[in-house]
Amino acid sequence: GIMLVTIWQFVGYYTVLVLSGLQGIPHEIEEAARIDGAGELRLAWSVTLPLLSPTLLFCLVVSVIASFRVFDQIYVMTGGGPGTATMTLVFYLYQQGFAFLNTGSGASVSVILLGGLMGVTWLQLHMARRWVTYQL
């Protein structure tokens, strides 16, 4: 249920981003590919997708960071339960820092969260060098 609510919450944001990326693709490149005999599938795979890859990379990085900071859905829908079934790192940070007033534990969890997110983002950007195309 939490996953469906989160998807519903962000699907419009990512749709607007991808649509703006599609509008930024020059029509001259598509026309040149069509003149060279490219069909719809070849046009999508060889022209549109490579030119859309920076937008898709941005959406990927932002969505992974957003998945680490899921808090409000869990707080409202389950409260971290049943038991600790929906406990995430951010919800644990909230419990330690604000509910139980263990500010030292909350601060250390936030530093771990920051380091983990920096590492995951660096890995994504490093791996994206293989598939992100900024120019044709």
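The chain has six helices and zero strands, and this description rests on a predicted model. Read along the sequence, the order of elements is α-α-α-α-α-α. For a compact globule of 136 residues the radius of gyration would be near 14 Å, whereas the chain has 20 Å. The C-alpha atoms fill a box of roughly 65 × 30 × 20 Å along the principal axes.

**Overall surface and contacts**

- Of the 136 residues in the chain, 30% are buried, and the area that the chain exposes comes to about 9200 Å², with carbon and sulfur atoms supplying 69% of it.
- Among contacts in the chain with a separation of 6 or more, 60% are accounted for by residues that stand 24 or more positions apart.

**The nonpolar core and helix α3**

- Five residues, namely Ile25, Ala33, Leu43, Val47 and Leu51, make up the largest nonpolar core, and helix α3, which spans residues 40-68, contributes the largest share of this core with three residues.
- Ser53 also belongs to helix α3, and it counts as buried because its relative accessibility is 3%, which is under the 20% cut-off for that class.
- The side chain of Ser53 reaches the backbone oxygen of Pro50 at a distance of 2.7 Å, and, once neighbours within four places in sequence are left aside, Ser53 is in contact with Trp131, Val132 and Thr133.
- Trp45 is another residue placed in helix α3, but Trp45 counts as exposed because its relative accessibility is 60%, a value over the 50% cut-off.
- Although Trp45 and Ala128 are 83 residues apart along the chain, a distance of 17 Å separates their C-alpha atoms.

**Helix α1 and Leu17**

- Leu17 lies in helix α1, which covers residues 2-23, and it counts as buried because its relative accessibility is 19%, still under the 20% cut-off.
- When residues up to four places away in sequence are not counted, Leu17 touches Thr55, Phe58 and Cys59.
- Between Leu17 and Gly39, which are 22 residues apart along the chain, the C-alpha atoms are separated by 26 Å.

**The salt bridge**

- The structure holds one salt bridge, and it is formed by Glu40 and Arg34, whose closest N and O atoms are 2.6 Å apart.
- In general, side chains of opposite charge can pair when their charged atoms come close.
- The two partners fall into separate accessibility classes, since Glu40 is exposed with a relative accessible area of 53%, while Arg34 is partly exposed with a relative accessible area of 42%.

**Helix α5 and the loops on either side**

- In helix α5, which runs over residues 89-99, the buried residues are Val90, Phe91, Leu93, Gln95, Gln96 and Gly97, and these buried residues pack against α3, α4 (72-77) and α6 (103-127).
- Pro82 lies in the loop between α4 and α5, and the peptide bond leading from Gly81 to Pro82 is cis, with omega near 0°.
- Leu101, which follows α5, lies in the loop between α5 and α6, and its phi is near 55°, a positive value in a residue other than glycine.
- As background to both of these features, most residues other than glycine have a negative phi, and most peptide bonds are trans.
- Leu101 counts as exposed because its relative accessibility is 65%, which is over the 50% cut-off.

**Helix α6 and Gly119**

- Gly119 is found in helix α6, and it is partly exposed, with a relative accessible area of 36%.
- Measuring from C-alpha to C-alpha in the model, Gly119 and Thr48 are 30 Å apart in space, and in sequence they are 71 residues apart.

Definitions and conventions:
Residues numbered from 1 in each chain as written. Predicted model: local features only at pLDDT ≥ 70, side-chain atom pairs only at ≥ 80, totals over all residues. Heavy atoms only, no water. Core = buried A, V, L, I, M, F, W, Y, C linked by side-chain atoms within 4.5 Å. Buried < 20%, exposed > 50% of the residue type's maximum accessible area, 1.4 Å probe, protein only. Helix = DSSP H or I, 4+ residues; strand = E, 2+ residues; numbered from the N terminus. Polar contact = N/O pair within 3.5 Å; in protein donor to acceptor, adjacent residues only side chain to side chain. Contact = heavy atoms within 4.5 Å. Salt bridge = Lys/Arg side-chain N within 4 Å of Asp/Glu carboxyl O. Rg over C-alpha atoms; globule rule 2.2 N^0.38 Å. Areas by Shrake-Rupley, 256 points an atom, 1.4 Å probe, with all protein chains shown as cover.
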